[in-house]
Amino acid sequence: MGVLMSRRQTVERVQKVSLAVSAFKDGLREQPSTRRRAEAGTARQGTLEQEVQEGEEEASAGPSQPEESSASKAAWERLRDGRGVEPEEFDRANRFTPPAFIRPKRELHDDEPPDISLEQKEQILNDEMCEICEVWTAESLFPCRICHRVYHDGCLRRMGYLQKDSAVEVTETAHTETGWSCYYCDNLNLLLTEEEMYSLMETLRNCKIIPESCLTLDDFLHYKHQVHKQQFERTMPEAQEEQAALQFNALDPDKKGHIEWQDFLSHESIQLLQKIRPQNALLRLLTPKERERARAAFLALDQDNDGFIGEGECRQARHTWFRKHQKEMLSCNVSISHVGPISEGSPASSRNSKSPEKILPATKQEETRSVDWARFLRENVAYILAARPNSAALHLQPLA
């Protein structure tokens, strides 16, 4: 709408200026003037004629150029505001108004280490009313596996966050160990502050990344090379390029040959958080459910209950529990607030054991190196956050 108004205003402006020029020319012809007035009139005429010419060039640019710039501008605005699919793409009939996402702000105490006790468990309570309609209907509510919010599937549809192909998935996974992430937790980009978001947008613009587009392996590697060269003013080493290729494969689990925009954006968001924020600040982003899952995983690995585990066990947890959770379509009676580690006999565990991604055995040096609870959290916090989205993509590939 803004583009249409600007075009209309441009045409009106050109018409008004044209009338002014014509009247000015007629006045010059009808009234003889002194040399000084003639010179001033000539200068004024040149200015007006130049403005008319510029206005005509803008008006004759054609409809394709304004439409393209409008679409690009809208895409950048959605990226800035943390929105997903544009609401205009949904049926407006009986549709709820999407929420206005408010980006977080850094606090003064964010960099201080948070007090997350290993012994004291936290009580996990979900909301009783739907986040959207604020109505309580007991068992028909779908809980988020990350936060405390609950939803009706009908409300999610009317918000435009639940399409036909994903409705069954939400229904079958929301009450399993795998669980389902709501639209707040599913979008890692919403963890960025406004300053961090503008920094990411500037990087994407400089590297000629088109918002809401898919990226092939060549596109992804070219982007990584550009970012590395801008940051370090040298070519990216071959080892880092190989790691980037592995990350691309992790973001493309279905081997489609490209990665979706939302997966790319989630990966870049978590990468930026790792670069900018200290680990203590990242720990403050964890929800009670995530802290309980981490606590249960550590206690399961601490067989002798001395508060320490081996570094190899810590890395194993990173590759299994804190990696992107696999989709578990089998229904079970486990609540979303279940925080226990995946048992060896569970479907997710058996699926992990058959995964082509191999977990390297721990070396003797790793086995003798001890990891306490605080270090366990710091080293795994980024992987815990990266596991939030519902996508099957692995948004942060653990190092071998």
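Colleague: What do buried, exposed and partly exposed mean for this predicted model?
Modeller: The terms rest on relative accessible area. Buried means under 20% and exposed means over 50%. What falls in between is called partly exposed.

Colleague: Is Arg106 buried or partly exposed?
Modeller: Arg106 has 33% relative accessibility. Buried would need a value under 20%, and exposed one over 50%. Arg106 therefore counts as partly exposed.

Colleague: Which side chain does Arg106 meet in a salt bridge?
Modeller: The N to O distance of the pair is 3.3 Å. The partner is buried, with a relative accessible area of 11%. That partner is Asp110.

Colleague: How many salt bridges does the structure hold?
Modeller: The pair of Asp110 and Arg106 is a salt bridge. Arg295 and Glu122 also meet in a salt bridge. The structure's total is 14.

Colleague: How many residues apart are Arg295 and Glu122?
Modeller: Their side chains meet in a salt bridge of 3.7 Å, N to O. Arg295 sits in helix α11 (residues 288–301), while Glu122 sits in the loop between α3 (64–81) and β1 (142–143). The pair links distant parts of the chain, and the separation is 173 residues.

Colleague: Is Glu122 buried or partly exposed?
Modeller: Arg295 is buried, at 2% relative accessibility. Glu122 has 25%. Buried means under 20%, so that value is too high for it. Glu122 counts as partly exposed.

Colleague: Why are Glu292 and Arg295 separated by about one helical turn?
Modeller: Their side chains meet in a salt bridge of 2.0 Å, N to O. Both residues are buried. They are separated by about one turn because they lie in helix α11, three residues apart.

Colleague: Which residues are linked with Arg295 in a network of salt bridges?
Modeller: Arg295 meets Glu122 in one salt bridge. Arg295 meets Glu292 in another. The network links Arg295 with Glu122, Glu292 and Arg291.

Colleague: Which helix gives the most to the largest nonpolar core?
Modeller: The largest nonpolar core has 52 residues. Trp373 and Phe376 are among those with the most contacts inside it. Nine residues of this core come from one helix, residues 373–386. That helix is α15.

Colleague: How far apart in space are Ala393 and Ile259, C-alpha to C-alpha?
Modeller: Ala393 lies in the segment after α15. Ala393 counts as buried, at 1% relative accessibility. In sequence, Ala393 and Ile259 are 134 residues apart. In space, the C-alpha to C-alpha distance is 8.8 Å.

How values were computed. Residues are numbered from 1 along each chain as its sequence is written. This is a predicted model: local features need pLDDT of at least 70, side-chain atom pairs count only at pLDDT 80 or more; totals for chains, interfaces and linings use all residues. Side-chain values use heavy atoms; hydrogens and water are left out. A nonpolar core is a set of buried Ala, Val, Leu, Ile, Met, Phe, Trp, Tyr and Cys residues joined through side-chain atoms within 4.5 Å. Buried means under 20% relative accessible area, exposed over 50%, partly exposed in between (1.4 Å probe, protein chains only). Helices (H or I, at least four residues) and strands (E, at least two) are DSSP runs, numbered from the N terminus. A salt bridge is a side-chain nitrogen of Lys or Arg within 4 Å of a carboxyl oxygen of Asp or Glu.
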